[in-house]
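Welcome, and let's take a walk through this fold together. Have a look at the model below, and we will go from the whole chain down to single residues.

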Amino acid sequence: MTLDMKKENDKSIISFSDCDRIDTTNLKIIKEQLSPIILDINNNTQKEFVFDFDNINFIDSSGLSMIINIYKKLSQNDNTLHVINANELINDIFDITKLNTFVSVSTRA
């Protein structure tokens with residue numbers, strides 16, 4: 001599984017390749033790949049961190065916990081976290097858990 005990052009203006013956009021879910025089976029790999037990116041954002045001029053969930057079809061509680069922890073780290077430096085291209089299931093999960101009250105979520109077109 002690979003995470004791809006691109007920078008646009010003051011945003012860092014992370015997309016997931018070769019992966020359709022964020023759960024306990026792949027969370028360790030995702031965290032290892034995200035850790036240096038989060039450090040770079042907190043030490044840089046990037047103000048927005050965006051997860052592109054176009055390929056993601058499922059997220060479990062361990063993935064939600066990761067999102068919360070990333071949000072906390074980013075918000076310490078007044079950075080924001082967004083999720084884009086979420087499918088209906090993921091959008092519903094964010095809605096039910098109320099994560100969408102502090103993490104902006106937009107659904108697939």
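Helices here are DSSP runs of H or I with at least four residues, strands are runs of E with at least two, and both are numbered from the N terminus. By that count, this predicted model has 3 helices and 7 strands. If you follow the sequence from start to end, the elements come in the order β-β-β-α-β-β-α-β-α-β. The radius of gyration is 13 Å, close to the 13 Å that the globule rule gives for 109 residues, so the chain is as compact as a globular protein of that length. Along the principal axes, the C-alpha atoms fill a box of roughly 35 × 30 × 25 Å.

What does the packing look like in numbers? Buried residues make up 39% of the 109 residues. Among contacts with a separation of 6 or more, 65% join residues 24 or more positions apart. The chain exposes about 5900 Å², with carbon and sulfur atoms supplying 47% of that area.

Now turn to helix α2, residues 61-75. At 1.5 Å a residue, its 15 residues should span 21 Å, and the end C-alpha atoms are indeed 21 Å apart, so expectation and model agree. Which residues of α2 are buried? They are Ser62, Gly63, Leu64, Met66, Ile67, Ile70 and Leu74. When you look at that list, it helps to recall that an α-helix has 3.6 residues a turn, so residues three or four places apart point the same way.

Further along the chain, strand β6 (residues 80-86) pairs with strand β7 (residues 104-107) in the parallel sense, over 3 bridges. To find your place in this pairing, look for alanine 86, which stands opposite threonine 107 in β7. Helix α3 (residues 88-97) joins these two strands in a right-handed β-α-β unit.

Finally, zoom in on the loop between α3 and β7, where leucine 99 has its place. Is leucine 99 buried or exposed? Its relative accessible area is 4%, and the cut-off for buried is under 20%, so leucine 99 counts as buried. Leaving aside neighbours within four places in sequence, leucine 99 is in contact with Leu64, Ile68 and Phe94. One of these partners, isoleucine 68, is 31 residues away from leucine 99 in sequence, yet their C-alpha atoms are 8.0 Å apart in space. Leu64, another of the partners, is also on the list of buried residues in α2.

Technical notes: Residues are numbered from 1 along each chain as its sequence is written. This is a predicted model: local features need pLDDT of at least 70, side-chain atom pairs count only at pLDDT 80 or more; totals for chains, interfaces and linings use all residues. Side-chain values use heavy atoms; hydrogens and water are left out. The expected span of a helix is 1.5 Å times one less than its number of residues. Buried means under 20% relative accessible area, exposed over 50%, partly exposed in between (1.4 Å probe, protein chains only). Two strands pair if DSSP finds at least two bridges between them. A crossover is right-handed if, with the strands pointing away from the viewer, the path from the first strand over the helix to the second runs clockwise. Contact means heavy atoms within 4.5 Å. The radius of gyration is taken over C-alpha atoms; the globule rule is 2.2 Å times the number of residues to the power 0.38. Accessible areas come from the Shrake-Rupley method with a 1.4 Å probe; for residues, only the protein chains shown count as cover.
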